[in-house]
Amino acid sequence: MLPTNVFSPQQSENNFLKGSIPLSLGNLASLQDFEQHRLSGEIPRELGKLYNLITMELDENQLRGSLPLEIGNLRKLERLDLSFNQLTGEIPKAVENVTTMLLTGNMLEGPIPPLVDDNWDLSYNNFSILPSNDSRNKSHAPKPNIKPSRNYTLEARTKFCKGKSKYYSLFINCGGASLPFEGNQYDGDVSQAKFCEGPAKSKEKRWAYSCSGEFLSSYANSSDYIKNKTCGVSEESLHETARLCPVSLTYYGFCLHKGNYTVKLHFAEIVYSKDEDYSSSGKRIFDVYIQGERKLKDFSIKDKAKDPNKALIEEFVAHVDDNLLEIHFHWAGKGSMYTSPLLNGPLVSGISVTPNSRITVGFCTCSNSSLGFDVENGLARVYVAPEYALGQPITDKADVYSFGVVALEIFSGRSGIEYKPNQEAATYLTDDARIAHARGKMFGLVIGD
């Protein structure tokens with residue numbers, strides 16, 4: 001249990017304590033700010049006696065159980081952050097007076113109270129929204145962030161992949177428009193929402209991102225999720241824009257083929273970068289996880305790149321087994337807390353995912369030496385659809401292409417690939433068929449014709 005005599009009269013944020021919350025804490029009626037990060041157990045109902053409490057920040061603890069109804073007694077409470085715990089049950093209706101409510105990453109469920117604020121972040125739970133009885137104000141009603149749900153990845157794989165692998169690569173220009181970069185076309189990522197599936201104008205969704213938390217700055221809004229460079233980075237560079245999130249930013253890549261991939265993360269510190277407003281003295285620190293494994297701890301873009309506005313690329317290897325790649329950036333409260341413009345959280349400029357080893361594609365096992373064209377059995381090039389090499393969406397048409405090649409072999413009586421004496425390059429049946437079709441002489445492919 002926590003000893004209550006170590007708390008200052010009005011705040012607890014500087015008292016680093018560990019353990020369960022004591023029932024006697026409710027006797028500290030003058031307490032205004034309660035912030036701790038080493039707590040466990042349930043939230044006692046006695047906290048409902050802290051009538052002067054304005055801020056309660058108990059995120060990233062090991063709190064479990066339900067939210068006590070007595071929290072609704074805290075009429076002065078403006079900010080309640082219980083994100084990334086193990087809380088269950090429903091939200092008490094009496095807490096709807098709280099302006100900012102952060103419950104991200106728990107196991108809560110049930111209906112959302114009808115009177116809520118836009119500043120509520122309820123993502124990574126399993127909530128439902130009750131229909132409004134007032135149709136006149138329905139379009140203007142607050143819209144708390146409830147996406148994605150806790151089961152989102154399973155739902156997304158079912159909806160977008162339908163049990164099939166489709167892609168072997170992924171390119172995202174985080175915070176910027178679609179653009180070509182180093183020979184690859186990067187998808188645009190310019191939404192100011194906390195959750196978005198992309199590419200925005202495509203029916204085939206290949207990725208999604210989720211953003212959670214609130215900035216330290218009271219002047220920040222959703223436009224700050226997208227940042228643009230001010231100087232130093234080339235205008236044609238992938239690093240001139242970035243996506244910024246206050247606490248947690250997660251990108252999901254869908255429908256990837258099973259195998260190992262090279263993941264390149266592009267960074268440039270384009271926020272804490274100005275000398276004139278002293279923001280260049282600020283430091284951004286966050287962690288990076290890929291497939292649940294922490295790859296970078298206490299990562300500082302500026303320290304690693306040596307300067308602000310300087311491009312930096314970090315490269316990793318990741319394994320995809322169930323068609324899903326998850327890249328997670330997380331701010332754990334480290335770095336500059338009071339340096340203008342108070343835009344805390346992880347920042348990323350671009351994501352590149354390319355095959356790194358053997359990847360199973362249809363019924364052909366291909367190497368990465370030429371994206372599926374240099375193959376152990378020497379025949380896979382014939383059967384693999386061009387979309388795989390061009391980085392285009394893989395649909396059922398790819399299987400039709402492969403079947404068509406087999407049918408062409410049966411029709412012509414020839415092998416899909418032929419090597420002739422004193423000939424350096426192989427002859428491909430598909431190339432001959434294209435030429436024969438253009439000349440209107442398809443029967444010329446038949447042996448003996």
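**Exercise 1.** In this predicted model, find which polar atom lies 2.8 Å from the backbone oxygen of phenylalanine 160, and then describe the surroundings of the residue that supplies it.

*Solution.* Begin at the backbone oxygen of phenylalanine 160, which lies 2.8 Å from a polar atom belonging to the side chain of lysine 166. Next, place this lysine in the chain: lysine 166 is found in the loop between H1 and strand E11 (170–174). Then look for a further partner, and you will see that the side chain of lysine 166 also makes a polar contact with the side chain of glutamate 204, at 3.0 Å. Finally, consider the accessibility of lysine 166, which is 11% in relative terms; because buried means under 20%, lysine 166 counts as buried.

**Exercise 2.** Classify the ring pair of tyrosine 152 and phenylalanine 254, and the ring pair of phenylalanine 160 and phenylalanine 254, and say where in the chain the partners lie.

*Solution.* The model has 14 aromatic pairs by the rule applied here. For tyrosine 152 and phenylalanine 254, the ring centres are 6.1 Å apart and the planes stand at 65 degrees, and since an angle over 60 counts as edge-to-face, this pair is edge-to-face. Tyrosine 152 belongs to helix H1 (residues 152–161), while phenylalanine 254 is in the loop between strand E18 (248–253) and strand E19 (259–267), so that the pair links distant parts of the chain, 102 residues apart. Tyrosine 152 is buried at 8% relative accessibility, and phenylalanine 254 is buried at 1%.

For phenylalanine 160 and phenylalanine 254, the centres are 5.2 Å apart and the planes are at 40 degrees, so this pair is tilted. Because phenylalanine 160 lies in helix H1 and phenylalanine 254 in the loop between E18 and E19, the pair ties together parts that are 94 residues apart in sequence. Both phenylalanine 160 and phenylalanine 254 are buried. As a last step, widen the view: ring pairs link Tyr152, Phe160, Phe195, Tyr252 and Phe254 into a cluster.

**Exercise 3.** Work out which residues of helix H6 are buried, which are exposed, and how the buried ones are arranged around the axis.

*Solution.* First, list the buried residues of helix H6 (residues 429–439), which include Leu429, Thr430, Ala433 and Ala436. These cover an arc of only 120 degrees around the axis, and therefore they are on the same side of H6. Then turn to the other side of H6, where Arg434, Ala438 and Arg439 are exposed. To finish, step past the end of the helix: H6 is followed by glycine 440, which has a positive phi, near 70 degrees.

Notes:
Residues are numbered from 1 along each chain as its sequence is written. This is a predicted model: local features need pLDDT of at least 70, side-chain atom pairs count only at pLDDT 80 or more; totals for chains, interfaces and linings use all residues. Side-chain values use heavy atoms; hydrogens and water are left out. Rings of Phe, Tyr and Trp (its six-membered ring) pair if their centres lie within 6.5 Å; planes under 30 degrees apart count as stacked, over 60 as edge-to-face and the rest as tilted. Helices (H or I, at least four residues) and strands (E, at least two) are DSSP runs, numbered from the N terminus. Buried means under 20% relative accessible area, exposed over 50%, partly exposed in between (1.4 Å probe, protein chains only). A polar contact is a pair of N or O atoms within 3.5 Å; within protein, one must be able to donate a hydrogen and the other to accept it, and residues adjacent in sequence count only if both atoms are side-chain atoms. The arc is that of the directions from the helix axis to the C-beta atoms.
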